[in-house]
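Student: I have a structure in front of me and would like to learn how to read it, one feature after another. Could we begin with a single residue and then move on to larger elements?

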Amino acid sequence: MTLRRVLLVIAFLVATGAWIAFVSWMTGQERKEPAYLEIDLAEIPAGSPKFYTFQRTPLALVRTTEAMLDDLRAQTTHTWNLRPIAPGRPSFFVYSLLSPADGCEVEHVPLGADRYAPVRPWQGGYRNPCRFGEWDYAGRAIKQYADQDAQLLRRADLDVPDFEIREDHILRITRAPKR
């Protein structure tokens with residue numbers, strides 16, 4: 001193979017790569033985010049969270065078990081807002097994984113893991129790795145200690161996206177919370 005042919009092959013490969021990069025860049029500019037996120041609740045295993053991203057916002061969906069709901073009801077007295085779990089056994093909770101305090105992405109911490117304040121056993125939920133804060137599987141902010149100063153350490157609950165239920169088992173998220 002002559003030097004000229006080698007240079008032609010190299011030029012062809014470079015031009016082809018540039019064309020592919022250009023087309024990818026151009027089509028990426030036109031890509032629109034979907035108007036909604038649909039989740040089939042029947043396909044989500046009960047008892048642990050499933051994670052999604054919608055409108056560049058991390059979300060969690062938890063299908064509950066009877067034991068989880070009993071634990072959440074028992075934890076109500078330890079939450080900042082004291083919001084009870086609705087009767088009728090809700091089957092799921094969905095919320096943003098961005099901390100309402102600082103926008104840091106909260107991390108999942110399963111049942112029995114160590115907590116910031118080890119006074120009570122951890123029932124599972126989320127914690128903010130950037131700031132002192134914990135949330136249960138219902139997205140409610142938890143007091144770490146009974147005598148915490150509400151002016152200094154009170155946290156808001158995790159934000160809930162706009163959603164609707166379709167066909168009794170399809171959760172359609174239409175807008176993610178923004179911080």
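Student: Is T64 buried or exposed?

Tutor: Please keep in mind throughout that we are reading a predicted model. A residue counts as buried when its relative accessible area is under 20%, and T64, with a value of 11%, is therefore buried. T64 belongs to the loop between β3 and α2.

Student: Which residues is T64 in contact with, once its neighbours within four places in sequence are left aside?

Tutor: The contacts of T64 are A46, L69, P90, S91, F92 and F93, again leaving aside the neighbours within four places in sequence.

Student: How do I read a strand such as β3, and which strands form a sheet with it?

Tutor: The general idea is that the strands of a sheet pair through backbone hydrogen bonds, in either a parallel or an antiparallel way. In this structure β2, β3 and β4 form an open sheet, in the order β2-β3-β4, and the pairing is antiparallel. The edge strands are β2, residues 49-54, and β4, each of which pairs on one side only. From one strand to the next, the twist averages 20 degrees.

Student: How many bridges join β2 to β3?

Tutor: Six bridges join β2 to β3, the strand of residues 57-63, and the two run antiparallel. To see one partnership for yourself, look for P49, whose bridge partner in β3 is V62.

Student: Which strands form the open sheet of four?

Tutor: That open sheet has the order β5-β6-β7-β8, with antiparallel pairing. Because β5 (107-109) and β8 stand at the edges with a single partner strand each, one side of each is left without a neighbour in the sheet. Between β7 and β8 the antiparallel pairing runs over two bridges, and E134 has I142 in β8 as its bridge partner.

Student: What does β10 pair with?

Tutor: Strand β10, residues 170-175, pairs with strand β1, residues 37-40, in the antiparallel sense over four bridges, and here L37 stands opposite I173. Strand β10 also pairs with strand β9, residues 162-166, in the antiparallel sense over five bridges, and on that side D162 stands opposite R175.

Student: Where should I look for a positive phi in a residue other than glycine?

Tutor: One such residue is D168, whose phi is near 65 degrees. D168 is found in the loop between β9 and β10, and with a relative accessible area of 77% it is exposed. The hairpin of β9 and β10 has three residues between the strands, and in it E167 takes a positive phi near 55 degrees. Elsewhere, L82 is not a glycine either, yet its phi is positive, at about 60 degrees. L82 lies in the loop between α2 (66-75) and β4, and its relative accessible area of 48% makes it partly exposed.

Student: How many aromatic pairs does a search of the whole structure find?

Tutor: The search finds three aromatic pairs. In one of them, Y95 and Y126 meet edge-to-face, at 5.5 Å centre to centre and with 80 degrees between the planes. Since Y95 lies in strand β4 (residues 92-96) and Y126 in strand β6 (residues 125-127), this pair ties together parts that are 31 residues apart in sequence. Y95 counts as buried at 1% relative accessibility, and Y126 is buried as well, with a relative accessible area of 0%.

Student: Why is the pair of Y126 and Y137 edge-to-face?

Tutor: Planes over 60 degrees apart count as edge-to-face. The planes of Y126 and Y137 stand at 85 degrees, with the ring centres 5.9 Å apart, so this pair is edge-to-face. Because Y126 lies in strand β6 and Y137 in the loop between β7 (134-136) and β8 (141-142), the pair ties together parts that are eleven residues apart in sequence. Y137 counts as buried too, at 6% relative accessibility, and ring pairs link Y95, Y126 and Y137 into a cluster.

Student: What lies over the face of Y36?

Tutor: R172 lies over the face of Y36, at 3.7 Å from the ring centre.

Definitions and conventions: Residues numbered from 1 in each chain as written. Predicted model: local features only at pLDDT ≥ 70, side-chain atom pairs only at ≥ 80, totals over all residues. Heavy atoms only, no water. Phe/Tyr/Trp six-rings, centres within 6.5 Å; stacked < 30°, edge-to-face > 60°. Buried < 20%, exposed > 50% of the residue type's maximum accessible area, 1.4 Å probe, protein only. Lys NZ or Arg CZ within 6 Å of the ring centre and 35° of its normal. Pairing = 2+ DSSP bridges. Axes fitted to C-alpha atoms, helices over the stretch in contact; angles between N-to-C directions. Contact = heavy atoms within 4.5 Å.
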